[in-house]
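Grab a coffee and open the model in your viewer. The exercises below walk through it one piece at a time.

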Amino acid sequence: MEYHSLDELAVLQQNDFIRAAIDRVGAGVVIADPEQEDMPLIYVNKGFEELTGYEAQEVLGKNCRFLQGEHTEQKGVDQIREAIHTKETVKVELLNYRKDGSEFWNELQIYTVYIDKLNQDFFVGVQQDVTKRKEAERLVGHYSSEVKRLSTPIVPVKDNVSVLPLIGNVDEERLQQMLDAVSFHVQEQKEDYLILDLSAVQVFNEDIHISIYQLNQLLDLMGTTLILSGVTPKFAMGSSPYANFSELSLRSYVSVKQALQMIGEDSRA
Ligand SMILES: Cc1cc2nc3c(=O)[nH]c(=O)nc-3n(C[C@H](O)[C@H](O)[C@H](O)COP(=O)(O)O)c2cc1C
């Protein structure tokens, strides 16, 4: 290291120290110069090289858009362009491509840094690989919709008769899911009867009461009769006023078996 004074040595050592620290931050760090044509990269750290597979000398002088590819969403790119224009800090998640063509999710943050000595703004970009988190989020989304689907099992038990057992925690979202699933099912199957089995419901509340009311109206329009099962008198009394379905003139039975017997008698009559 060449130097001419102790002060100069201190500055050089400090620069080396800062460079080494930035290389080790475990993220990509790049600097782009907006005063040059097409805003090229003028610095990339080791983290960027490791993340993208490109070496510094291959990318310095280029605009960082070379990381984008076929499946990069334009919305995120538009957000960056807008933020660069207004010089506002921006954080986006973009699908980017490594040198070997493999994809990764880049959580990119860009901010402006003003350098006094040069009387100029520069853009600093920090790139984090968030592929694992994005994949986990995708899986959680997939499984939660699968769980929802499985928690509304509509079981055909006879010609034109299906049973929907209401199981587990019944909240507003579940009830909406139930209404959606039933309307889809009845449109497809044109059932004569749908038995809603409530034997696994612990407590009636207003939401369940309203949903049964809505379900009854919906099925009425579609020419399907709603029948309740699993409402024991004791349970119904304990849960009143919400378990009082008399105003809906709904038929309600102690068990699915009893409800099916009644349907059998109905169709014989
Ligand atoms: C400092 C800085 C870092 C950037 N890093 C990335 C990056 O890692 N990945 C990416 O897809 N785009 C990155 N960009 C965005 C592109 O360079 C470019 O600004 C963007 O594609 C919008 O401009 P365009 O419409 O001219 O392509 C970065 C931009 C700046 C200024």
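Here are three short exercises on this predicted model, each with a worked solution.

**Exercise 1.** Work out which residues are closest to the ligand, and which polar side-chain atoms lie by its oxygen atoms.

*Solution.* Start with the head count: 21 residues surround the ligand. The closest of them are Asn 63, Arg 65, Arg 81, Asn 96 and Gln 127.

Next, look for N or O pairs within 3.5 Å, the cut-off for a polar contact. Asn 63 puts a polar side-chain atom 2.6 Å from a ligand oxygen. For Gln 68, an N or O atom of the side chain is 2.9 Å from an oxygen atom of the ligand. Asn 106 has a polar side-chain atom at 3.0 Å from a ligand oxygen.

**Exercise 2.** Describe where the ligand sits, how much of it the protein covers, and what surrounds it.

*Solution.* First, cover: on its own the ligand has 610 Å² of accessible area, and the protein covers 90% of that. Then the site: the ligand sits in the largest pocket.

Now trace the shell back to its elements. Two or more residues each come from strand 1 (28-32), helix 4 (74-86), strand 3 (90-97), strand 4 (103-115) and strand 5 (120-129).

Finally, sort the shell by class: 13 residues are nonpolar, 6 are polar and 2 are charged.

**Exercise 3.** Find the domains of the protein chain and say how far apart their centres are.

*Solution.* The domain assignment gives domain 1 (6-134) and domain 2 (148-268). Taken over C-alpha atoms, the centres of domain 1 and domain 2 are 58 Å apart.

Conventions. Residues are numbered from 1 along each chain as its sequence is written. This is a predicted model: local features need pLDDT of at least 70, side-chain atom pairs count only at pLDDT 80 or more; totals for chains, interfaces and linings use all residues. Side-chain values use heavy atoms; hydrogens and water are left out. A residue is near a molecule or strand if one of its heavy atoms lies within 4 Å of it. A polar contact is a pair of N or O atoms within 3.5 Å; within protein, one must be able to donate a hydrogen and the other to accept it, and residues adjacent in sequence count only if both atoms are side-chain atoms. Accessible areas come from the Shrake-Rupley method with a 1.4 Å probe; for residues, only the protein chains shown count as cover. On a 1 Å grid over the protein atoms alone, a cavity is a set of points where a 1.4 Å probe fits but cannot get out, and a pocket is an open set with protein on both sides within 12 Å along at least five of seven lines; lining residues have an atom within 4 Å of a point. A molecule sits in a cavity or pocket if more than half of its atoms lie within 2 Å of its grid points. Helices (H or I, at least four residues) and strands (E, at least two) are DSSP runs, numbered from the N terminus. Ala, Val, Leu, Ile, Met, Phe, Trp, Tyr, Cys and Pro count as nonpolar, Asp, Glu, Lys and Arg as charged, and the others, Gly among them, as polar. Domain bounds come from an automatic or database domain assignment.
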